[in-house]
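Biologist: I'd love to go through this one with you and hear the reasoning behind each label. Shall we open it up?

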Amino acid sequence: MKKLMLVAGFAALSLVACNKKENASERIQEGASTTTETTTASTTANGATQSTTSSSTQTGFPKIAFNETIHDFGDVKKGSKNEVEFEIKNEGTVDLVIIDAKASCGCTVPEKPQEPIKPGSSAKMKVVFSANSPGLQSKNVTLTTNTEAGSEVLTVKANVTE
């Protein structure tokens, strides 16, 4: 009986622990509106301190732009590691957040920016392609973002030779 209770308790704990998944669509909706609160303090002529609080709400979605969306490494040797840095620019009016970056294959590893990209600013994202199989290769990196589209795709290509 004790074993049955122990197994049941462990199963219940496992279900609760696995049920806490990050919901990307909620994070994307959070990007549609950003509120900033600013407090300023000033001293009046009679020496009293006066503080003012103002808040501004940014609405809309960031607009993402890239220096390139497809990078061709050309001819590369089998077994080589090839790197490219994609430049990501926020041309919108609210912070751009790269929520996730997933490659279509284990031979391609993206390193997404960890911090939000401010309006008018840029960040670099490194992608490393390991040339493991000979022939023409094309690998996609899918970015989950807080843009209106919600995702963007970058591509790396190479002709892997022996």
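Biologist: Which residues does N82 touch, not counting residues up to four places away in sequence?

Modeller: This is a predicted model, and in it N82 touches F73, V76, V127, V128, F129 and A131. N82 itself lies in strand β5.

Biologist: Why is N82 called buried?

Modeller: Its relative accessibility is 12%, and buried means under 20%, so N82 counts as buried.

Biologist: What makes the pairing of N82 with S80 a polar contact?

Modeller: The two side chains meet at 3.2 Å, and the cut-off is within 3.5 Å for a suitable donor and acceptor pair of N or O atoms.

Biologist: And why is S138 called partly exposed?

Modeller: S138, found in strand β9, has 43% relative accessibility. Partly exposed is the range between under 20% and over 50%, so S138 counts as partly exposed. Beyond its neighbours in sequence up to four places away, S138 touches T155, V156 and K157.

Biologist: Which residues have the most contacts inside the largest nonpolar core?

Modeller: Those are I88, M125, F129 and L143, in a core of 23 residues. Strands β5, β8 and β9 are among those that each supply at least two residues of this core.

Biologist: How confident is the predictor over the chain?

Modeller: The mean pLDDT is 80, and 64% of the residues reach 70 or more. Over residues 12–25, though, the pLDDT is below 50, and this stretch has four contacts beyond near neighbours in sequence. Where pLDDT is low, the predicted coordinates should not be read in detail.

Conventions:
Residues are numbered from 1 along each chain as its sequence is written. Side-chain values use heavy atoms; hydrogens and water are left out. Helices (H or I, at least four residues) and strands (E, at least two) are DSSP runs, numbered from the N terminus. Buried means under 20% relative accessible area, exposed over 50%, partly exposed in between (1.4 Å probe, protein chains only). Contact means heavy atoms within 4.5 Å. pLDDT is the predictor's confidence in each residue, from 0 to 100. A nonpolar core is a set of buried Ala, Val, Leu, Ile, Met, Phe, Trp, Tyr and Cys residues joined through side-chain atoms within 4.5 Å.
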